[in-house]
Amino acid sequence: MSESVTLSGFDGFPSGWYAILHISELPKSKPFACIRFGIPLVIWKDSSEVVVMEDRCPHRSAKLSLGKICDNKIRCPFHGFEFSKDGSCTHAPEFNKAIPKLMVKKYPSRVTLDMIWVMFGNPSGVDDISPLENVFNSFNGNYSFFSKKWDSYITRCIENQLDYTHLAEVHKTTIGRNFVMPQNPRFEQTDSSIITYQRDGDSSPSTIYVYPNSWILNISDKMKIIAYFVPVSQNQSIIYIFTFRGFLTAKPIKPIIDFVMNISNKIILKQDQKVVESQASWNYKLEDEVLMKHDKAIKLFRNMWKSRQQKHS
Ligand code: FES
Ligand SMILES: [Fe+2]
């Protein structure tokens, strides 16, 4: 019998499909261990799909990620029990038979936009990643990317990207050098996104937050950035920065330009990291912070996040 259970960790993460890992990080024929939402997960590939499970054997709790993949099954390193992609035990060596009722927890997952996604909590009905798909498809899936772990809660990382007023201070030596404070920005909200326009009359947005954990920076038609904010735990997040570029893409120079772009993005991100990590942690009291007029996108984000938070037991 196939069983797919929903992820639940601790209070705080709202339900939704979260991007959690770049597909290239998953080894071809070995299980991969990672922590997401504070939960140890094992991710592995059978011949047809990517499987995300709790990294714990239901027999005596050894880490399945230390085991092997053989014949489309994951084999526990402790007593050799094997589990199929639906989570059920297909072979227990000590009895030389299957124990179908012995199940590893399996989580709903999908692979799209070169990321592995997992459903956290209960399916909430909000799942519109079309703004991300539009960027990805308009550049034919060509991008360069890197990732960085921050000691920060996911909402702090997301809010940082919705906050343009820090550009003049934090990034005064880089992208904020000639920053002019927008005088009449416009903010729009849909069920699954928060869209910022630099000026009220602009027709193309400058940034789009896509619920729950991604964000688009619209630099120009020829250059856009997608960021994913991946929750590791209450105190850690991984930020993935994808740069999509429609110029200087000729074969011999592309890797060099990608390299330079990633270096400059890393410098910018490092400028953010220090301040964002210094902010109060995941259990900060929102009501103790005084949001200003220019923090409108942050306010909208907090409302969206809060309204979707559920108690997980
Ligand atoms: S702990 Fe996994 S087979 Fe015993
Ligand atoms: Fe920044």
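These are my notebook entries on a predicted model of one chain and its two domains.

**Ground rules.** I worked with a predicted model, in which local features need pLDDT of at least 70 and side-chain atom pairs count only at pLDDT 80 or more, while totals for chains, interfaces and linings use all residues. Residues are numbered from 1 along each chain as its sequence is written, chains are lettered from A and ligands numbered from 1 in the order in which they are written, and side-chain values use heavy atoms, with hydrogens and water left out.

**Overall form.** I looked up the radius of gyration, taken over C-alpha atoms, and found 21 Å, which agrees with the value near 20 Å for a compact globule of 313 residues (the rule being 2.2 Å times the number of residues to the power 0.38). Along the principal axes, the C-alpha atoms fill a box of roughly 70 × 55 × 30 Å. I noted 5 helices and 19 strands, taken as DSSP runs (H or I, at least four residues, for helices; E, at least two, for strands) and numbered from the N terminus.

**Domains.** The domain assignment, which is automatic or from a database, gives domain 1 as 16-109 and domain 2 as 128-308. Their centres, over C-alpha atoms, lie 33 Å apart.

**Interface.** I found 12 residues of domain 1 in contact with 15 of domain 2, contact meaning heavy atoms within 4.5 Å. The two domains bury about 1,000 Å² between them, 60% of it on carbon and sulfur atoms; this is the accessible area (1.4 Å probe) lost on being put together, summed over both parts. In domain 1, Y18, A19 and H22 lose the most area to domain 2, together 49% of what that side buries.

I then checked for salt bridges (a side-chain nitrogen of Lys or Arg within 4 Å of a carboxyl oxygen of Asp or Glu), and the rule finds 0 across this interface. For polar contacts the rule finds 6 residue pairs, both residues at pLDDT 80 or more; the criterion is a pair of N or O atoms within 3.5 Å, one able to donate a hydrogen and the other to accept it.

On the domain 1 side, the elements giving two or more residues are β1 (16-22) and β2 (32-36), and β1 gives the most, with 6 residues.

**Backbone.** I recorded a cis peptide bond between Y211 and P212, with omega about 0°; P212 sits in the loop between β16 (207-210) and β17 (214-220).

Definitions and conventions:
Polar contact = N/O pair within 3.5 Å; in protein donor to acceptor, adjacent residues only side chain to side chain.
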